[in-house]
Amino acid sequence: MSLSFEPFKIKSIESIPITTKEERLNYIKEANYNPFSLKSDYITIDLLTDSGTTAMSSKQWAAIMDGDESYAGSRNWFEFESIVKEITGFKHIIPTHQGRAAERILFGVLGGPNKIIPNNTHFDTTRGNLEYSKAVAVDLPVKESLDTSLIADFKGNMDLTALEKLILEKGAENIPMAMITITNNSGGGQPVSMENIRNTKKLLAKYNIPLYLDCCRFAENAYFIKKREKGYENKSIKEIAQEMFSYADGATMSSKKDGLSNTGGFIGINDDKIAEDLKTLLIVTEGFITYGGLARRDLAALAQGFREVLDENYLEYRIGQVKYLGDLLTNAGVPILKPTGGHGVYLDAKLFAPHIKPENFPGQSIACEIFVEGGIRSCEIGSVMFGSYDGNGVFEPAKLELVRLAIPRRVYTKSHIEFIAETIIKVYQNRNNLRPMKITWQAPFLRHFTAKFDYL
Ligand code: F0G
């Protein structure tokens, strides 16, 4: 049966705020035109992130009530460790409170000055944690990923020619690890093929460089492999995930995505010595090795979430819902990154608002207007996040100017999706009224979270 409806029924509901346009104009101004600074009470539909915003199942809530809050050796830890080991095959599982804690601990051991760490595209916290350790983060996505209108199956792939060139130029001894982010979040939630993961491992093995997966959205990536890559049609999502992880020496995960829960993360790793170092850092900064900064009930919800995310009916609905929004927008002429990826629709802000230069943040301007028009919160992924000025004061824009409409898992229905599309189509029809912006204040790291903006 092909699924055109949500494969669940609703047991518990939460009312959402309905506001007037006049109120929203005030709210966004009060937030200094940064959607991150909006109060959630002002938001009708929240597409800021798919991270930690999942609706949990009745079985997860039941598991939470049955949580065993022992500091050490809680049964919820063993349930969590068992399912994560079953899927990933890693020898050591190290729990953390979220993905960036896993990154901080891993790069605390493997990062550091003069180290270079390539990725298909580093997510902003991954880059932030690496740079904070004084290592250099290098993005090597395939060229097709930069053409938002090109339809291709695996635009998340790593550029292997560029990877080998980097290794030869910088020296393998300076590259303690390489990463592949599945799916490639900053590149549009695009999947990475099994062939690309396998070949990346092969290339890295030649130079003795370990491969790590940033596997926040591993199940969504596995679903795309099943649907798009020859030879995987008849494999289960779990089998595909197991093969993906079999090529990796380790992984970091924010379980707030495909763990189908509201918090959590882990590091998976095979190397005993590095695992020991990581566990020491974990105990110093996160918590004991059987909870890692999490309440044990959260580990219980995660153990159940990891089982549910492997359900193909769920993934068909999930990926189908994102595609449905993409199709509604495309049919109305709204420029989006194509094809739609795993966890959201990304508007192409350069094509949406060509009259606004990258240094005046077209994506930010669109995100503010989408809020004003329909109370929908989205997130710029462009020059606010990745743009900078070089030493000579010349602006270096991001490679892409995007606005991400991240879809929380199992939260919104088909009619919510239709309302989102109607709102964005309206903003697109009035796009000539979108205004250029400037930053009036920013933090030195990860500025997009807290920056203040105004119109020029
Ligand atoms: N890696 C990727 C690919 C991510 O998408 C995220 C988070 C992280 C690492 C960090 O995990 O938030 O648990 O510390 N992404 C969220 C997002 C925030 O909105 O895309 P975290």
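In which helix does Glu312 lie? In this predicted model, Glu312 belongs to helix H12, which spans residues 312-331. Its relative accessibility is 29%, so Glu312 counts as partly exposed. Beyond its neighbours within four places in sequence, Glu312 is in contact with Tyr223, Lys226, Lys227 and Ile237. Glu312 and Ala219 are 93 residues apart in sequence. In space, their C-alpha atoms are 9.4 Å apart.

One of the contacts of Glu312 is Tyr223. Tyr223 lies in helix H8, residues 218-228. With a relative accessibility of 7%, Tyr223 counts as buried, whereas Glu312 is partly exposed. Leaving aside neighbours within four places in sequence, Tyr223 touches Ile237, Glu312, Leu315, Glu316 and Ile319. Ile237 is thus listed for Tyr223 and also for Glu312. Tyr223 and Leu310 are 87 residues apart along the chain. Their C-alpha atoms are separated by 9.1 Å.

Helix H1 covers residues 21-30. Within H1, Arg24, Tyr27 and Ile28 are buried. Seen down the axis of H1, these buried residues fall within an arc of 90°, so they line one face of the helix. An α-helix has 3.6 residues a turn, so residues three or four places apart point the same way. The face of H1 turned away from the buried side carries exposed residues: Glu22, Lys29 and Glu30. The cover over the buried residues of H1 includes helix H14, residues 362-374. Just after H1, Asn32 takes a positive phi of about 50°.

Tyr33 lies in the loop between H1 and strand S1. Aromatic pairs were searched for in the whole structure, and 18 were found. In one of them, the ring centres of Tyr33 and Tyr455 are 4.8 Å apart and the planes stand at 65°, so the pair is edge-to-face. Tyr455 is in strand S16, residues 452-455. The pair therefore ties together parts that are 422 residues apart in sequence. Both tyrosines, Tyr33 and Tyr455, are buried. The ring of Tyr455 also has a charge over it: the charged end of Arg435 sits 3.9 Å from the ring centre.

A second arrangement of this kind involves Arg296 and Tyr291. Arg296 lies over the face of Tyr291, at 4.8 Å from the ring centre. Elsewhere, one aromatic cluster is formed by Trp77, Phe80, Phe90, Phe218, Phe245, Phe266 and Phe306. Phe218 falls in the residue range of helix H8.

Asn184 is placed in the loop between strand S5 (178-181) and helix H7 (194-206). Is Asn184 buried or exposed? Its relative accessibility is 1%, so Asn184 counts as buried. Not counting residues up to four places away in sequence, Asn184 touches Asn120, Thr121, Gly156, Gly189 and Gln190.

The ligand has 17 residues around it. Which of them come nearest? They are Thr49, Arg100, Ser254, Lys257 and Arg404. For Thr49, an N or O atom in the side chain is 2.6 Å from an oxygen atom of the ligand. For Arg100, a polar side-chain atom lies 2.6 Å from a ligand oxygen. For Ser254, a polar side-chain atom is likewise 2.6 Å from an oxygen atom of the ligand.

Terms used. Residues numbered from 1 in each chain as written. Predicted model: local features only at pLDDT ≥ 70, side-chain atom pairs only at ≥ 80, totals over all residues. Heavy atoms only, no water. Buried < 20%, exposed > 50% of the residue type's maximum accessible area, 1.4 Å probe, protein only. Helix = DSSP H or I, 4+ residues; strand = E, 2+ residues; numbered from the N terminus. Arc of directions from axis to C-beta. Contact = heavy atoms within 4.5 Å. Phe/Tyr/Trp six-rings, centres within 6.5 Å; stacked < 30°, edge-to-face > 60°. Lys NZ or Arg CZ within 6 Å of the ring centre and 35° of its normal. Near = heavy atom within 4 Å. Polar contact = N/O pair within 3.5 Å; in protein donor to acceptor, adjacent residues only side chain to side chain.
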